[in-house]
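Open the model in your viewer and keep the selection panel at hand. Please walk me through it stop by stop.

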Amino acid sequence: MAKTPLEVSYLMNSGFLVRCGRTLLVFDDYMDEAGVVEAAIAAGDFDQLYIFASHAHFDHFDEHIRAYAPQVTRYIFSYDIRRTVRGKRFPQEQVVYLQRYSEWQDEHIRVESFDSTDCGVCFRVTLLDTGRTLFHAGDFNWWDWSGDTAEHRQLAANAFQKQLKRLEGMQADVAFFPVDARLEACQDKGARAFCAVTDCGALVTMHSPGYPAWQPPTGFFGDKEPIPVWSPRTPGESRKYA
């Protein structure tokens, strides 16, 4: 039996719209220059709309998504957004706040949260009618800055490895993970480690607007079979995953 395709459109930074059948999932929509989400809502060919925000940083969470409230099934926000002025302006009866390592489910989706190495959480989403799965890392990454002190770099390594253990063996049809060019030689360090211990069908990189598109270097996947990689740069770009 053929799987229901996942249609993914790039918004900006770590923002994406994912369509699976008649369900729309929007992640970290702080800016949507191409009007992807607005157009999808205006088309009306969906039954459920879930909008996720992994944390309160301005480049992941913006109040413009409040305008979609009449069509939203649920807003699913990280716990840290609850205490922000922007977060309090949302209709609270429509908002689910997830703590680290928690779970929420309705009749259509199941959402599991994991900790980040910055702020907020990561999301693993399962679409219950199709079994398709997605992982959105938010700002979870190995933030190894070359100009930082040896002590800070070791703390970053420890924090990343601690959280990565929670993800070992995780399956996802598509994983969205930072490959941030500001980290220079270490930009793909986190993604490499993440791909080594998880079972993902495709990797979509994020959190690096304004830089050239990244592609995995030789040996990036080690002994594992390479998976498709997409590093979107132009708002409105899209890919389909069968």
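The tour below goes from a strand and its neighbours to the cysteines and then to the salt bridges. Keep in mind that this is a predicted model.

**Stop 1: strand E4**

Select residues 48–53, which form strand E4. Six of its six residues are buried. In a regular strand, side chains alternate between the two faces of the sheet. Colour one side of E4 by picking Gln48, Tyr50 and Phe52. Colour the other by picking Leu49, Ile51 and Ala53. Both faces are covered, with each of these residues buried.

**Stop 2: the neighbours of E4**

Add strand E3, residues 23–27. E3 and E4 run parallel and share five bridges. To find the register, label valine 26: its bridge partner in E4 is isoleucine 51. Now show helix H1, residues 36–43. E3, H1 and E4 together make a right-handed β-α-β unit.

Next, add strand E5, residues 74–78. E5 also pairs with E4 in the parallel sense, over four bridges. Here, label alanine 53 and phenylalanine 77 in E5, which stand opposite each other.

**Stop 3: the cysteines**

How many disulfides does the structure hold? Zero. Select cysteine 186, which is in no disulfide: its nearest cysteine sulfur belongs to cysteine 195 and is 16 Å away. Cysteine 195 is in no disulfide either; the sulfur of cysteine 200 is the nearest to it, at 6.3 Å. A disulfide needs the sulfur atoms within 2.5 Å. Cysteine 186 counts as buried because its relative accessibility is 11%. Cysteine 195 is buried too, at 8%.

**Stop 4: the salt bridges**

The count comes to eleven salt bridges. Here are some to display.

- Glutamate 63 and arginine 66: their side chains meet at 2.8 Å, N to O. Arginine 66 is partly exposed, at 35% relative accessibility.
- Glutamate 112 and arginine 124: N to O is 2.8 Å. The pair links distant parts of the chain, with glutamate 112 in strand E8 (residues 109–115) and arginine 124 in strand E9 (residues 121–127), twelve residues apart. Glutamate 112 is buried at 19%, and arginine 124 is buried at 12%.
- Aspartate 180 and arginine 182: the closest N and O atoms are 2.7 Å apart. Is each partner buried or partly exposed? Arginine 182 is partly exposed, at 41%, whereas aspartate 180 is buried, at 1%.

For the last selection, pick Lys3, Arg132 and Asp173. They are linked in a network of salt bridges.

Definitions and conventions
Residues numbered from 1 in each chain as written. Predicted model: local features only at pLDDT ≥ 70, side-chain atom pairs only at ≥ 80, totals over all residues. Heavy atoms only, no water. Buried < 20%, exposed > 50% of the residue type's maximum accessible area, 1.4 Å probe, protein only. Helix = DSSP H or I, 4+ residues; strand = E, 2+ residues; numbered from the N terminus. Pairing = 2+ DSSP bridges. Right-handed = clockwise from strand over helix to strand, strands pointing away. Salt bridge = Lys/Arg side-chain N within 4 Å of Asp/Glu carboxyl O.
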